Amino acid sequence: GGDGGGGGKPAKPQLLDAKAAQNIAIWLSQFKGKDYRTLATDMGCFNVAAMQLQQLKALMHHLPGRDERGAVTAYVEAATHGGDELDAVLKTLTEPERFVYELQRIPQLDERLEAFAFRLSFDARKADIKPAIDTLKCACDELMAAKRFAELLELVLELGNYLNNGTPRGGFWGFKLATLAKLGDTKSTDNSTTLLQYLAELLGAAGERGAALLAFDAELPHVAAAVRVSVTQVEGDRNALHKAYKHSHALIESFEDFDGFHMTQWGLRPFFAKVEKDLAAVDRALDDMQARFAECLTYFDEPKSTKPDEFFGMVLDFGKALKEAKAAAEKRRVAAQRAGHR
């Protein structure tokens, strides 16, 4: 019972917190058959083939602090100094303790794991930024090239001037996109209809051409997604990536060699060269996107301070309102027909 084997030695104490030990044991079960020293060395050497990001993050989450890990090393050292064979001492450790002992051989362990997590996460983090940039650029290009939308804007201007002929609201050469939202509130001079209703009825009666103009958003496949793009968020993600790179690079440059590990091994130099190239490409894409959006605002004579969600939202809302007005006009037409047949 209670002693740790021959010679009346005291029982080996539990070196790790029970919960942490259990979590590490569960984590290790993913790497059955892999030698713990190799696994620990792979992590200390940033071997990307050894594990996936979520596996590393799970370990970082469950790993006990430096002091608790140090207790494992201290126990082994004390036992070997007392004359026991290292292998015999290691055999007395539980699996999680044995793995922690191997991890503790790695200098600057916490910093290395943090830098390893950056290496494993970089490509995915970079990929997350790209779709928002591409979406906004495509939406700008589509809107500036959209023939149906341009034709609709001309029609709105002509109708507005026609319905308001001879009033102070007539005779305009152009209008802001925000005006589109007010078409449903803009009454004709005799108050019998709104400009939006009139436009919808006109397009409804104009056959294929009218149907094409009503479906103007078919030329703008990226506009709905562009409304959801936050430039501030994209810039924040880009800046965070730059910061994480600088931090990880500085950490890795400060690491001492162990087990013959040094910077030229494990592809770290090429990795950092690739990161710098990729980050420069992200910066260029972001600059290009912002220039394109500024160009789009100028093209539609909108204030430079307009945000993408606001700008593209005006176009999207106009499309919805126009379709709803067309459906309402159709309902009224059917109701009028029925009334006429009574």
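Is Phe118 buried or exposed? Select Phe118 and see: Phe118 is buried, with a relative accessible area of 3%. Keep in mind on this tour that the model is predicted.

**Stop 1: the whole chain**

Zoom out and colour by secondary structure. You will find 14 helices and zero strands, so from the N terminus on, every element in the run α-α-α-α-α-α-α-α-α-α-α-α-α-α is of one kind. Let me reword that: the chain has 14 helices and zero strands, and the order of its elements from the N terminus is α-α-α-α-α-α-α-α-α-α-α-α-α-α.

Now switch on a surface. The chain exposes about 18,800 Å², with carbon and sulfur atoms supplying 54% of that area. Of the 342 residues in the chain, 41% are buried. Among contacts with a separation of 6 or more, 78% join residues 24 or more positions apart.

**Stop 2: Phe118 and its partner in H7**

Return to Phe118 and add Phe122. Both residues belong to helix H7 (residues 109-145), where they sit four residues apart, about one turn of the helix. Phe122 is buried too, at 0% relative accessibility. The structure holds 19 aromatic pairs. In the pair of Phe118 and Phe122, the ring centres are 5.7 Å apart and the planes meet at 55°, so the pair is tilted.

**Stop 3: an aromatic pair across the sequence**

Next, select Phe149 and Phe300. Their ring centres are 6.1 Å apart with the planes at 55°, so this pair is tilted. Phe149 lies in helix H8 (residues 147-163), while Phe300 is in the loop between helix H13 (268-299) and helix H14 (308-341), so the pair ties together parts that are 151 residues apart in sequence. Phe149 is buried at 1% relative accessibility, and Phe300 is buried at 12%.

Widen the selection to see the company they keep: Phe149, Phe216, Phe293, Tyr299, Phe300, Phe311, Phe312 and Phe318 form one aromatic cluster.

**Stop 4: charges over rings**

Show Arg112 with Phe255. The charged end of Arg112 sits over the ring of Phe255, 4.5 Å from the ring centre. Then try Arg119 with Phe271, where the charged end of the arginine sits over the ring, 5.1 Å from its centre.

**Stop 5: the two sides of H3**

Which residues of helix H3 (residues 53-62) are buried? Select Gln55, Leu56 and Leu59, which are buried. They cover an arc of only 95° around the axis, which puts them on the same side of H3. An α-helix has 3.6 residues a turn, so residues three or four places apart point the same way.

Turn to the face of H3 away from the buried side, and you meet the exposed residues Gln54 and His61. To see what covers the buried residues of H3, display helix H1 (18-28), helix H2 (36-44), helix H6 (95-104) and H7, which are included in that cover.

**Stop 6: H6, with Tyr101 and Glu97**

Stay with helix H6 and pick Tyr101, which lies in it. Tyr101 is buried, at 12% relative accessibility. Leaving out residues up to four places away in sequence, Tyr101 touches Val72, Thr73, Val76, Leu86, Leu90 and Leu93. Add Gly70 as well: Tyr101 and Gly70 are 31 residues apart in sequence and 8.4 Å apart in space, C-alpha to C-alpha.

Now select Glu97 and Lys12, whose side chains meet in a salt bridge (2.8 Å, N to O). Glu97 lies in helix H6 and Lys12 in the segment before H1, so the pair ties together parts that are 85 residues apart in sequence. Glu97 is buried, with a relative accessible area of 2%, whereas Lys12 is partly exposed at 24%.

**Stop 7: further salt bridges**

How many salt bridges does a search of the whole structure find? The search finds 23 salt bridges. One of them is in helix H7, where Asp134 and Lys130 are four residues apart, about one helical turn. Their side chains meet at 2.8 Å, N to O, and Asp134 is partly exposed, with a relative accessible area of 28%.

Move on to Asp283 and Arg238, which form a salt bridge of 2.9 Å, N to O. Asp283 lies in helix H13 and Arg238 in helix H12 (residues 231-254), so the pair ties together parts that are 45 residues apart in sequence. Both Asp283 and Arg238 are buried.

For the last view, select Arg37, Arg98, Glu102 and Arg105, which are linked in a network of salt bridges.

Notes:
Residues numbered from 1 in each chain as written. Predicted model: local features only at pLDDT ≥ 70, side-chain atom pairs only at ≥ 80, totals over all residues. Heavy atoms only, no water. Phe/Tyr/Trp six-rings, centres within 6.5 Å; stacked < 30°, edge-to-face > 60°. Buried < 20%, exposed > 50% of the residue type's maximum accessible area, 1.4 Å probe, protein only. Lys NZ or Arg CZ within 6 Å of the ring centre and 35° of its normal. Arc of directions from axis to C-beta. Contact = heavy atoms within 4.5 Å. Areas by Shrake-Rupley, 256 points an atom, 1.4 Å probe, with all protein chains shown as cover. Salt bridge = Lys/Arg side-chain N within 4 Å of Asp/Glu carboxyl O.
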